[in-house]
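Grab a coffee and open the model in your viewer. Here are some exercises to work through, each with a solution.

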Amino acid sequence: MKLRRSLSGRITLVLTLLIFLAVSLSAVVTYAIYNALEENMLDTLVQTESKRIAVRVSRFSEHWQQAFERDMGPSMYAWGESDLFLSPSMPEELRDLPPGLHYIDKGNTAWHVQVADVMDGRLYVMYDSVVLVEQSRHFALALAGIVLLCTLLALFFSKAIARWLVTPINTLTERLTRWLPSDYKSAIPHTDEEARLMEIFSRAQDQVDATIANQREFTANLHHEIRTPLSIIRSDAELMLRHHMVNESERPRLQRIVHAVHDIKQSLESTYNLCHAGDTETRAEISLYDCMQDAIEGQAQDAENAKLVIKNRVDTAQRPCLNHHALMTVIRNILRNAIAHAAPATLTVTSIDNGLQFTDDGPGIAADELVSIFERYFSHRHTDQLVDPQATISSNTGSELEHQAGLGLAIAKRVCQMQSWQLEVTSPVADGHGTCFTLRFHDQPHNPA
């Protein structure tokens, strides 16, 4: 297989070629301007000399008294004659030229000739540019040398620039290579940095895809295997509570078991949803009112204990196409956050265009905490008290423990990001109190009643 030229080699070639073309064009333009200026200078010179000599020779007579011949310096000559007095040294081909300025190409040289009617004859002034032609050749060679030198310098600096430009690509390639398992690090048959990066990236993507697939399989298996024993534990605990099979002093422990099992199931649902949040095939048309009612009923006991009144004001006709598990994860975590931090208060859930709004009249959120409310473990980092784990376990439900860890809103925010939804918070709402969470769905039209 024929290997492609490396990216740095292509950059070097392109930069060198561009500089070569730019310098060559400049040299050609410079040479053309030099020649044009030289031609104009010679034409002006012979015209000026012709006028000067004409004034001088016709000052004392109106007729030629003899032929006029003059060597006026390097490469410049003048002749004057009439029909009676012909100049023997003047080239014969000049006699046929009419008055005016003429250019005669002689191969290795060129003649610039000015013909003028003077007295009863003519005056011829000629400049032979043989010396200037030689100088033009030297000037052209000098320009060619400059072009060659600039090209070599461009080649040198282009290599350095190319190495500098591809350094980030090589660095990224090396980091991806180190990240891959050893069995992925076989020699890459590419000298091209771009192709090598794409090869490494493809292998890294294959590994990531395999990891995601394994993770989804694991969470699906875990979700399937644990739900059954959890349901057994919860049903047995609820039966024991319903049939008064334990002492009154032990009933709170069974109630905590029921709540803990419920929260574990919700955590499993959240984990499963996070792993499968991008699956569009899990989306279906759902009733936001029913979803909200299910979430409220699931949190009813915790809300009652915390003295949080939840009012479901969601439009019953609002039925967007969404991922049910993702929506329930976001709603439940927002409700749990209100139970943990807003109560005692009233939480009102209303419909908005393409979304939901959760508004409470609780104490609100401090301005310095508002920007970090969706961070993981935020509430745990900002706690001002040292909590005894054993005392916490014996006095709090599983739902409260989750909020002390500061994961609820972080999970809700992450699910929204994976679903391309928007979750925003505003606090205070009115009179320095209250918090409002706004959940907006992506491209889901609101169905009016």
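The exercises below go through cysteines, a hairpin, a helix, backbone oddities and aromatic rings. Keep in mind that this is a predicted model.

**Exercise 1. Find how many disulfides there are, and say whether Cys 321 and Cys 436 are buried, partly exposed or exposed.**

Step 1: A disulfide is a covalent bond between the sulfur atoms of two cysteines. For the count, the two sulfurs have to lie within 2.5 Å.
Step 2: Go through the model with that cut-off and you end up with zero disulfides.
Step 3: Now for accessibility: buried means under 20%, and exposed means over 50%. Cys 321 has a value of 34%, so it is partly exposed. Cys 436 comes in at 10%, so that one is buried.

**Exercise 2. Describe how strand 3 and strand 4 pair, and pick out the glycine with a positive phi in their hairpin.**

Step 1: Strand 3 covers residues 100-105 and strand 4 covers residues 110-118. They run antiparallel and are joined by six bridges.
Step 2: To pin down one of the pairings, start at His 102: its bridge partner in strand 4 is Val 113.
Step 3: Between the two strands sit four residues, and in this hairpin Gly 107 has a positive phi near 90 degrees.
Step 4: While you're here, look at Lys 106. Its charged end sits over the ring of Trp 111, 4.7 Å from the ring centre.

**Exercise 3. Check the length of helix 7, work out how enclosed it is, and find the residue that caps its N-terminal end.**

Step 1: Helix 7 spans residues 324-341, which makes 18 residues. At 1.5 Å a residue, the expected span is 26 Å. The end C-alpha atoms are 26 Å apart, so the two values agree.
Step 2: Of those 18 residues, 14 are buried, so helix 7 is largely enclosed by the rest of the structure.
Step 3: The cap is Asn 323, which has a side-chain oxygen 3.1 Å from the backbone nitrogen of His 325.

**Exercise 4. Locate the cis peptide bonds before Pro 344 and Pro 428, then the positive phi values at His 244 and Ser 420.**

Step 1: Know what to look for: most residues other than glycine have a negative phi, and most peptide bonds are trans.
Step 2: The bond from Ala 343 to Pro 344 is cis, with omega near -5 degrees. Pro 344 belongs to the loop that links helix 7 to strand 9.
Step 3: The bond from Ser 427 to Pro 428 is cis too, again with omega near -5 degrees. You'll find Pro 428 in the loop between strand 11 and strand 12.
Step 4: His 244 has a positive phi of about 55 degrees. Its loop lies between helix 3 and helix 4, and at 58% relative accessible area His 244 is exposed.
Step 5: Ser 420 has a phi near 65 degrees and is in the loop between helix 12 and strand 11.

**Exercise 5. Count the aromatic pairs and classify the pair of Tyr 77 and Trp 79.**

Step 1: The count comes to seven aromatic pairs.
Step 2: For Tyr 77 and Trp 79, the ring centres are 6.0 Å apart and the planes are at 20 degrees. Stacked requires planes under 30 degrees apart, so this pair is stacked.
Step 3: As for burial, Tyr 77 is partly exposed at 29%, whereas Trp 79 is buried at 6%.
Step 4: Elsewhere, Tyr 31, Tyr 34 and Phe 139 make up one aromatic cluster.
Step 5: Finish with a charge over a ring: the charged end of Lys 413 sits over Phe 374, 4.9 Å from the ring centre.

Note on methods: Residues numbered from 1 in each chain as written. Predicted model: local features only at pLDDT ≥ 70, side-chain atom pairs only at ≥ 80, totals over all residues. Heavy atoms only, no water. Buried < 20%, exposed > 50% of the residue type's maximum accessible area, 1.4 Å probe, protein only. Pairing = 2+ DSSP bridges. Expected span 1.5 Å × (residues − 1). Polar contact = N/O pair within 3.5 Å; in protein donor to acceptor, adjacent residues only side chain to side chain. Phe/Tyr/Trp six-rings, centres within 6.5 Å; stacked < 30°, edge-to-face > 60°. Lys NZ or Arg CZ within 6 Å of the ring centre and 35° of its normal.
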